[in-house]
Amino acid sequence: MAVNEMPATCSADALSARELYRFFRAGDEETLALRGVSLRVRRGETVAVVGPSGAGKSTLLACLAGLDEPSGGEVRVDGVRVSHRPETERARLRARHIGVLLQNRNLLPHLSARDNVRLAQRAVRGWPAVPAAELLDRVGLAGRAHALPRQLSGGELARAGLAVALANSPAVLLADEPTGELDGGTEGMILDLLRERAADGCAVLVVTHSSEAVRIADRVITLDDGRVRDADRPADRLADRLEEAHHAAG
Ligand code: ADP
Ligand code: MG
């Protein structure tokens, strides 16, 4: 099967990872950032990934997105293997099927918000794209379409990044701490947009420290030292715990 074709019958799991390992070597330093992580996200489901700094959350997200190659194990999107392919093939699969919102918001600095969305759409030829203006309107940036990234506030940047992630109506939406430095109002807006995508049948996975983000999740996966410690925990109780920890720390 060609990599740009999807099977006629899709499994309910839009995203699945089996026994992911990721080994890094930098000089003498060796790190096993992922130690056998398996997970599944269904269409219409929102999964939150939590865990301490250095747990491997960003590494996991990069492997799921096909931005990085796992050292072992396999990632599938709609049943199609994304991992262990040349970078050009991964990029093509990613452009069409996976929306990614990274901490740096993945926007090109010299392009306006609208042109960043259009660039993402140009990567997928022949796919009926939602007009860039409509996507920006959806994230509340209709009036900022011509602004460059440096002219946008933190909250606007996050929303522009989300418009780029949604440019090709992906089956899977992955977000790495999308509400990290945002005020409550902007966080609520981003979370509403994620929830809307899930309601539309997208599989949403969000790495987060935010109790609000955990609250909108159907399931929570806790990652610690590269391993899944706690899968399928009821989201409500964990959100309360995160909030308590936050108050205790602050
Ligand atoms: P988290 O997002 O949960 O804070 P990361 O996935 O960023 O954790 O990092 C997990 C571990 O992998 C850390 O020990 C980090 O130092 C290491 N790591 C991540 N990326 C690299 C890299 N490119 N080279 C070497 N080590 C890395
Ligand atoms: Mg991280």
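User: Which exposed residues does the face of α6 turned away from its buried side carry, and why are they called exposed?

Analyst: They are G184, G185 and A199. The word fits because exposed means over 50% relative accessible area, buried under 20% and partly exposed in between (1.4 Å probe, protein chains only). Happily, the ground rules are short: this is a predicted model, where local features need pLDDT of at least 70, side-chain atom pairs count only at pLDDT 80 or more, and totals for chains, interfaces and linings use all residues. Residues are numbered from 1 along each chain as its sequence is written, chains are lettered from A and ligands numbered from 1 in the order written, and side-chain values use heavy atoms without hydrogens or water.

User: How do you know that the buried residues of α6 line one face?

Analyst: The buried residues are T186, E187, I190, L191, L193, L194, R197 and A198. Seen down the axis, they fall within an arc of 155 degrees (taken from the directions from the axis to the C-beta atoms), so they line one face of the helix.

User: What makes the reach of helix α6 close to the expected one?

Analyst: Helix α6 (a DSSP run of H or I, at least four residues; a strand is a run of E, at least two) covers residues 184-199, which is 16 residues. The expected span is 1.5 Å times one less than the number of residues. That gives 22 Å, and the first and last C-alpha of α6 are 22 Å apart.

User: Why is D68 called buried?

Analyst: D68 has a relative accessible area of 18%, so it falls under the 20% limit. D68 lies in the loop between α1 and β4, and its side chain makes a polar contact of 2.8 Å with that of R22. A polar contact is a pair of N or O atoms within 3.5 Å; within protein, one must be able to donate a hydrogen and the other to accept it, and residues adjacent in sequence count only if both atoms are side-chain atoms.

User: What about E156: buried or exposed?

Analyst: Buried, at 16% relative accessibility. E156 belongs to helix α5; its side chain has a polar contact of 3.4 Å with the side chain of R144 and reaches the backbone nitrogen of S153 at 3.0 Å.

User: Which residues surround ligand 1?

Analyst: Counting residues with a heavy atom within 4 Å, the shell includes F24, T31, K57 and T59. The T59 side chain places an N or O atom 2.6 Å from a ligand oxygen.
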